[in-house]
Protein chains: 2
Amino acid sequence: MKLVYEKPGFLPALRELVRCNQAFERFSATHVRTLELTPPQFDVIATLGNTTGMTCGELGEKTLITKGTLTGVLDRLEERKLVSRRADITDARRTHIALTTLGEQMFARAFPAHLHHLSRAFDRLPPEQLKAMLSALAELRGAFEKELAA
Amino acid sequence: MKLVYEKPGFLPALRELVRCNQAFERFSATHVRTLELTPPQFDVIATLGNTTGMTCGELGEKTLITKGTLTGVLDRLEERKLVSRRADITDARRTHIALTTLGEQMFARAFPAHLHHLSRAFDRLPPEQLKAMLSALAELRGAFEKELAA
DNA sequence: TATTGTTATACTCTATAACTATA
DNA sequence: TATAGTTATAGAGTATAACAATA
């Protein structure tokens with residue numbers, strides 16, 4: 001029986017995905033660090049931006065940071081006065097996390113700057129290719145998530 | 001003047017890329033750890049597989065691991081007898097890294113297993129979409145690399 | 001003097017599991 | 001008893017820069 005990973009195009013696509021992934025991570029992380037944030041910290045700030053805040057659970061779901069790790073990331077952001085923690089009113093087990101005023105300033109500064117940085121690479125792609133990539137990526141992400149859940 | 005990141009399709013494509021990236025990382029790393037390797041360790045093993053070895057410099061270039069970090073990763077792999085270090089014959093400044101017999105066994109076991117794991121997600125995509133994604137990813141990676149170099 | 005790789009430092013993230021307090 | 005989040009532990013990667021040996 002033919003091995004599933006011998007499907008035509010699989011290996012090249014995979015190699016390309018891995019390389020693109022690495023290049024993107026590098027390209028993105030290098031810039032994030034110039035904003036004085038680590039990539040997970042940036043994710044948290046970006047996720048909290050333009051919201052009234054959320055619980056640790058929600059934040060962890062959106063950023064894919066597990067709870068134990070999230071506590072540490074939030075500790076460091078709280079220490080820098082970028083986020084605040086307060087107990088949830090209706091359920092005291094929950095902690096409500098939100099950007100402070102300083103955190104909002106950071107978001108307002110860092111988020112567009114980072115988008116702008118990334119756009120330098122995306123600008124090299126024609127719009128149709130962007131669209132094609134979008135649908136392929138969405139499909140692939142769905143596949144990853146289904147497989148992880150399975 | 002219109003902001004560059006307002007290019008139509010940029011934001012959705014970016015969001016999708018970030019999410020797909022995270023999903024892929026998670027999907028991949030979770031499995032790699034079951035093979036008793038960290039993602040950087042797997043990268044090193046996979047890069048050395050089916051070669052006669054290479055210098056730290058080459059290995060760092062291919063895996064995108066910086067030299068200081070690479071030393072640590074190699075230390076741990078060497079301790080587990082998966083890779084060997086020996087001085088280069090022609091240039092004693094260089095260290096030649098290669099898989100040991102045990103490392104080759106690890107490669108033979110881990111690499112196909114990981115491909116097989118990843119193929120579970122890729123199998124959900126029709127071949128044409130794979131092809132479309134491949135070209136988009138290749139283009140995008142080129143863009144990242146050019147921008148990083150710039 | 002330039003290059004290759006190692007060492008040193010300090011920090012951040014990571015997985016995992018036990019624990020506390022609420023519900 | 002189950003859930004939300006914290007604490008504890010141990011390890012691994014990261015950036016950065018100084019360093020040794022060699023070219």
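1. A residue is taken as near a molecule or strand if one of its heavy atoms lies within 4 Å of it. The model is predicted, so local features need pLDDT of at least 70 and side-chain atom pairs count only at pLDDT 80 or more, while totals for chains, interfaces and linings use all residues. Residues are numbered from 1 along each chain as its sequence is written, chains are lettered from A and ligands numbered from 1 in the order in which they are written, and side-chain values use heavy atoms, with hydrogens and water left out.

2. DNA strand D has 21 residues around it, and those that come nearest are G57(A), R85(A), T38(B), R76(B) and R93(B). Of the strand D atoms within 4 Å of the protein, 71% belong to sugar or phosphate, the rest to bases. By class, the residues of this surface are four nonpolar, nine polar and eight charged. Here Ala, Val, Leu, Ile, Met, Phe, Trp, Tyr, Cys and Pro count as nonpolar, Asp, Glu, Lys and Arg as charged, and the others, Gly among them, as polar.

3. Polar contacts (pairs of N or O atoms within 3.5 Å; within protein, one must be able to donate a hydrogen and the other to accept it, and residues adjacent in sequence count only if both atoms are side-chain atoms) reach both the backbone and the bases of strand D. G57(A) places a backbone N or O atom 2.8 Å from a phosphate oxygen of DNA strand D. On the base side, a polar side-chain atom of K67(A) lies 3.3 Å from a base oxygen of the strand, and a side-chain N or O atom of R93(A) is 3.1 Å from a base oxygen. The elements that give two or more residues to this surface are α3 (56-63) and α4 (67-79) of chain A, with α2 (39-48) and α4 (67-79) of chain B. Helices (H or I, at least four residues) and strands (E, at least two) are DSSP runs, numbered from the N terminus.

4. DNA strand C is surrounded by 22 residues, the closest being T38(A), R76(A), R93(A), G57(B) and R85(B). Sugar and phosphate make up 71% of the strand C atoms that come within 4 Å of the protein. The surface near strand C divides into four nonpolar, 10 polar and eight charged residues.

5. Contacts from chain B to phosphate oxygens of DNA strand C include a polar backbone atom of G57(B) at 2.8 Å, a polar side-chain atom of R85(B) at 3.0 Å and a polar backbone atom of T95(B) at 3.2 Å. Two or more residues each come from α2 (39-48) and α4 of chain A and from α3 (56-63) and α4 of chain B.

6. How are the two chains related? Chain B can be laid on chain A with an RMSD of 0.1 Å by a turn of 180° and a shift of 0.0 Å along the axis; the two copies are thus related as by a two-fold rotation axis. The superposition is by least squares on the C-alpha atoms of residues with pLDDT of at least 70 in both copies. In chain B, M133(B) comes closest to the rotation axis, with its C-alpha at 2.8 Å. Of the contact residues of chain B, 100% recur in chain A, where contact means heavy atoms within 4.5 Å.

7. Within chain A, the axes of α2(A) and α5 (residues 101-122) come within 9 Å and cross at roughly 105°. Axes are lines fitted to C-alpha atoms, for helices over the stretch in contact, and angles run from 0 to 180 degrees between N-to-C directions. The two helices are therefore roughly perpendicular, the term for angles of 65 to 115 degrees. F42(A), I45(A) and A46(A) in α2(A) meet residues of α5(A) including M106(A), F107(A) and F111(A). This contact has seven nonpolar, two polar and no charged residues.

Notes. Angles under 35 degrees count as roughly parallel, over 145 as roughly antiparallel, 65 to 115 as roughly perpendicular and the rest as oblique.
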